[in-house]
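Biologist: I have the sequence and the structure open. Could you take me through some of the details?
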Amino acid sequence: MTFSGEPVHSRSAGIGVVIPALDEEDTLPGLLEDLSGLGLDSVVLVVDGGSGDGTVAAARAGEAMVMRSRRGRARQMNAGAALLSTRWLLFLHADSRVGGEALRAVEEHVRGGRREAAYCGLLIAHPHFYYRLIEGGQRVRERLSGLVYGDQGLLIRRDLFLRAGPFPDVPIMEDVMLNRRLRGEGELVRLGASISTSARRYEEEGKVRGWLRNVGMMSRFLAGGEPTKLAVRYPARRRRDGERARGPAEGGAREGGRPWGKGNRATLLVFAKAPRPGEVKTRLARSLGRDGEPEYEKAAALYRRMGRTVVDAVADAPANLTICYDPPGAEREIRDWLGRVPPRYWSQGDGDLGERMSRMFTRAFEDSERVIVIGTDTPAIGTRTIARAVAALDAADVVLGPSRDGGYYLMALREPHPGLFAGIEWSTESVLAETVNRARELGLRVTFLGVEADVDTAGDLIPDVMRWLELG
């Protein structure tokens, strides 16, 4: 099952601001207030890596959109860029402040039709003269070696980001690596304004110790040091409560969120259709065929493999796994396909997709606090995807997992909302946008997960999907 739809964020918006965040409830409000003065048609997206504080609440209070992704700054920024469809992207760290001069410089660069990516100068938000020395040293490094940090922001056209990016999936130096690539290609310029960044790391570690650590790490990086190894030397930031926040080297660790247990019962509904040739994946069959002859058998075989892959991948998710099958009366056929491990098989019943989804959600909430529904044509879904969705419901009423074609592969709810499904034009290019608009009309808070690939046509059989299906 594919939930198709237009991208949520219109391409008419001039600029999309992506802010990766982890335990940033103190810093976000100031940055979001600054961005409210941006004189461009814009959308602001905070990409949360699993905060344990009020980061998400602060993002919503600042009228930003919220996304929950895998932890790691590079991963979070790439996930945000994949969701947004704006012509320009502006990447900012959560502890930055963007004054009026910097906002005007961004506006002028975008409106001037410039093709290059751009960054700002660096200011450190502390009056001590020591930080003026650090700022001066950074200006020298920029001129001599082209080193530009993520604290200085990155304004880049979406098409250039797709060509030169994404950010390398490393725990540290991801911004320096992309900026050096852009600068080497003559695609990076400095704006005539500066961005202010927090001095908190220097203050926590000690000014001299922090500077020596930075110089040492950068020297090792320029000498060919691996970012993964360098990250071990990068200390975790101390949170307001005195505990250590996870550092960059811990990006792959278990993500935050409410623990599973009796107080967090969840049900995972897997929507599946009997894999009958000519009745499933007909678009895929037509795209696989030649001379106008659809490959129904091949498409059905691919669908069988995808369904098996998805069910196996989520079998260990801490939720009551339930297969919701269609058409009615196909339970034995579905069991023969997906096995007898799932404890429950429910018929979706009659009606359009919205009626069937609403019915299954309502039934699942009879013994669950949180309910997630997925289809069987997104092989990338796994236990961690489900865990992120359920954790995201701590600060959201609706969680949506967008697919690359503009639809969505997952929906999670805290309670039944039949109004979400009423009047939607299913199987059209407006399903996702309509669903998000309906949620807003109902006063529901929406959080997005990372964009994933589903399989509707032969063009969707990218190498990653083929690898997941063990066909390539």
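Modeller: Gladly; please keep in mind that this is a predicted model. A place to begin is helix α15, whose buried residues are T385, I386, R388, A389, V390, A391 and A392.

Biologist: Where does α15 run, and how many of its residues are buried?

Modeller: Helix α15 spans residues 383-392, and seven of its 10 residues are buried, so the helix is mostly covered.

Biologist: And the chain as a whole, how many helices and strands are there?

Modeller: The protein chain has 17 helices and 15 strands. Of its 472 residues, 55% count as buried. The accessible surface comes to about 20,400 Å², and carbon and sulfur atoms account for 48% of that surface.

Biologist: What about contacts between residues at least 6 apart in sequence?

Modeller: Among those contacts, 73% join residues at least 24 apart.

Biologist: Changing topic: at what angle do α7 and α9 cross?

Modeller: Helix α7 covers residues 174-184 and helix α9 covers residues 207-222; their axes come within 12 Å and cross at roughly 50°. That angle lies between the limits of 35 and 65 degrees, and α7 and α9 are therefore oblique to each other. The crossing of α7 past α9 is right-handed.

Biologist: Which residues meet there?

Modeller: From α7 the residues are V176, M177 and R180, and from α9 they are M218, F221 and L222. By type, this contact of α7 with α9 comprises five nonpolar residues, one charged residue and no polar ones.

Biologist: N179 is in α7 too. Is N179 buried or exposed?

Modeller: N179 is buried, because its relative accessible area is 2%, and the limit for a buried residue is under 20%. Setting aside residues up to four places away in sequence, N179 touches V148, Y149, L154 and L188.

Biologist: Where is V170 found, then?

Modeller: V170 is in the loop between α6, residues 158-164, and α7. With a relative accessible area of 19%, V170 is buried, since the cut-off is under 20%.

Biologist: What does V170 touch?

Modeller: Beyond residues up to four places away in sequence, V170 touches A74, P227 and M177. That M177 is one of the α7 residues that meet α9. V170 and R75 are 95 residues apart in sequence, while their C-alpha atoms are 8.5 Å apart in space.

Biologist: Moving on to Q76, which helix holds it, and what is its relative accessibility?

Modeller: Q76 is found in helix α3, which comprises residues 73-83. Its relative accessibility is 3%, so Q76 counts as buried.

Biologist: Which residues is Q76 in contact with?

Modeller: Outside its neighbours within four places in sequence, Q76 is in contact with V18, P20, A21, V47, D48, G49, S69, R70 and R71. For P20, the separation is 56 residues in sequence and 5.6 Å in space, C-alpha to C-alpha.

Biologist: One last residue: where is the place of A94?

Modeller: A94 lies in the loop between β4 (88-91) and β5 (96-97). It is buried, with a relative accessible area of 3%.

Biologist: What is A94 in contact with?

Modeller: Leaving out neighbours within four places in sequence, A94 is in contact with I19, P20, A21, E24, T27, L28 and L31. P20 and A21 also appear among the contacts of Q76. In addition, the C-alpha atoms of A94 and P29 are separated by 9.2 Å, although these residues are 65 residues apart along the chain.

Note on methods. Residues are numbered from 1 along each chain as its sequence is written. This is a predicted model: local features need pLDDT of at least 70, side-chain atom pairs count only at pLDDT 80 or more; totals for chains, interfaces and linings use all residues. Side-chain values use heavy atoms; hydrogens and water are left out. Buried means under 20% relative accessible area, exposed over 50%, partly exposed in between (1.4 Å probe, protein chains only). Helices (H or I, at least four residues) and strands (E, at least two) are DSSP runs, numbered from the N terminus. Axes are lines fitted to C-alpha atoms, for helices over the stretch in contact, and angles run from 0 to 180 degrees between N-to-C directions. Angles under 35 degrees count as roughly parallel, over 145 as roughly antiparallel, 65 to 115 as roughly perpendicular and the rest as oblique. A crossing is left-handed if the near helix is turned anticlockwise from the far one by less than a right angle, and right-handed if clockwise. Contact means heavy atoms within 4.5 Å. Ala, Val, Leu, Ile, Met, Phe, Trp, Tyr, Cys and Pro count as nonpolar, Asp, Glu, Lys and Arg as charged, and the others, Gly among them, as polar. Accessible areas come from the Shrake-Rupley method with a 1.4 Å probe; for residues, only the protein chains shown count as cover.
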